[in-house]
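Let's take a walk through this fold, going from the backbone pairing to the side chains. Keep the viewer open and follow along as we go.

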Amino acid sequence: MSKVVENWLYSKEHEWVEVLGENRVRVGITDFAQNQLGDLVFVEIPQVGDEVTSNETMGTVESVKAVSDLFSPVSGKVVEVNAELEDSPEVINSDAYGQGWMIVIELSNPDELKGLLTAGQYAAFVEEE
C-alpha cells in the first residue's frame with residue numbers, strides 16, 4: 001500500500017494538494033505515482049507566473065521507464081516552484097510528500113478543491129488500480 005497524507009487532497013491523476021492557506025496550495029505527485037514511474041531522471045514543471053488549469057497538462061516527469069504528463073489538480077497562478085527538482089528530480093522518489101513538492105499555486109477558483117479526493121478516497125482508488 002502506498003502512503004497517503006491525511007488531511008491532504010488528491011487527484012485521480014495521482015497529484016497531491018496541500019492547502020497552505022485561504023487561496024494557496026502546494027502540489028506534487030503521490031507516493032503511488034513515483035513508485036509506478038520508477039527512478040525519476042527529469043522533471044518539467046511550470047515557472048513562476050504561469051497559469052495552470054485544472055485537469056490540464058502542466059508538465060512532465062521522465063523516469064528510466066517512461067515519460068508521463070503532470071496534470072494540474074486545480075486552476076490558478078504558479079507563485080513558487082521547487083528549483084531543486086531541476087538538478088535533483090530523484091528527490092521525488094525519496095520524499096514525494098516533503099522535499100519532492102513541485103509548485104505552489106494561488107487558486108483562481110477555490111471551489112475546485114471540493115472536486116478532489118480525500119486521503120481515504122484516494123487510498124481506495126489506488127487499491128482498485
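**Starting from the sheet**

Strand 8 (residues 76-81) runs antiparallel to strand 9, and the two pair over 5 bridges. Bear in mind that this is a predicted model. One rung of that ladder to click on is Val 78, whose bridge partner in strand 9 is Ile 105.

Strand 9 itself spans residues 103-107, and it is mostly covered, with 4 of its 5 residues buried. Strand 9 also pairs with strand 3 (residues 24-29), again in the antiparallel sense, over 4 bridges. Zoom out and you'll find an open sheet of 6 strands, with antiparallel pairing and the order 1-2-3-9-8-5. At the edges sit strand 1 (9-10) and strand 5 (51-52), each of which pairs on one side only.

Let's go to one of those edges. Strand 5 is joined to strand 8 by 2 bridges, and the two strands run antiparallel. Val 52 belongs to strand 5, and its bridge partner in strand 8 is Gly 76. Is Val 52 buried or exposed? Its relative accessible area is 7%, so Val 52 counts as buried. Leaving aside residues up to four places away in sequence, Val 52 touches Pro 46, Met 58, Ser 72, Val 74, Ser 75, Gly 76, Val 78 and Ile 105. Two names on that contact list should look familiar: Val 78 and Ile 105 are the bridge partners from strands 8 and 9. For a sense of scale, take Val 52 and Thr 118: they are 66 residues apart in sequence, and their C-alpha atoms are 22 Å apart in space.

**Charges across the strands**

Now for the charged side chains. Side chains of opposite charge can pair when their charged atoms come close. How many salt bridges does a search of the whole structure find? The search finds 3.

Start with one that follows the strand pairing we just looked at. Arg 24 stands opposite Glu 106 in strand 9, and these two residues also form a salt bridge, with the closest N and O atoms 3.2 Å apart. Because Glu 106 lies in strand 9 and Arg 24 in strand 3, the pair ties together parts that are 82 residues apart in sequence. Both ends are partly exposed: Glu 106 has a relative accessible area of 35%, and Arg 24 has one of 37%.

Another salt bridge joins the side chains of Glu 18 and Arg 26, at 2.9 Å from N to O. Here the two partners fall into separate classes. Glu 18 is buried at a relative accessible area of 18%, while Arg 26 comes out as partly exposed at 23%. The cut-off for buried is under 20%, so don't read too much into the labels alone.

The remaining pair is Lys 114 and Asp 111, whose side chains meet at 3.3 Å, N to O. Lys 114 is exposed, with 70% relative accessibility, and Asp 111 is partly exposed at 48%.

**Rings inside, and a patch outside**

Next, the aromatics. A search of the whole structure finds 5 aromatic pairs. In one of them, the ring centres of Tyr 10 and Tyr 122 are 4.8 Å apart and the planes meet at 15°, so this pair is stacked. Tyr 10 lies in strand 1 and Tyr 122 in helix 4 (residues 119-128), so the pair ties together parts that are 112 residues apart in sequence. Both rings belong to buried residues: the relative accessible area is 0% for Tyr 10 and 1% for Tyr 122. Elsewhere, ring pairs link Trp 8, Trp 16 and Tyr 97 into a cluster.

Finally, turn to the surface. Which residues make a nonpolar surface patch of about 280 Å²? Val 41, Phe 42 and Val 64 do. Phe 42 has its place in strand 4 (residues 40-44), and with a relative accessible area of 40%, Phe 42 counts as partly exposed.

Terms used: Residues numbered from 1 in each chain as written. Predicted model: local features only at pLDDT ≥ 70, side-chain atom pairs only at ≥ 80, totals over all residues. Heavy atoms only, no water. Patch = residues over 30% accessible without salt bridge, like charges linked within 9 Å, V, L, I, M, F, W, Y side chains within 5 Å. Areas by Shrake-Rupley, 256 points an atom, 1.4 Å probe, with all protein chains shown as cover. Salt bridge = Lys/Arg side-chain N within 4 Å of Asp/Glu carboxyl O. Buried < 20%, exposed > 50% of the residue type's maximum accessible area, 1.4 Å probe, protein only. Pairing = 2+ DSSP bridges. Contact = heavy atoms within 4.5 Å. Phe/Tyr/Trp six-rings, centres within 6.5 Å; stacked < 30°, edge-to-face > 60°.
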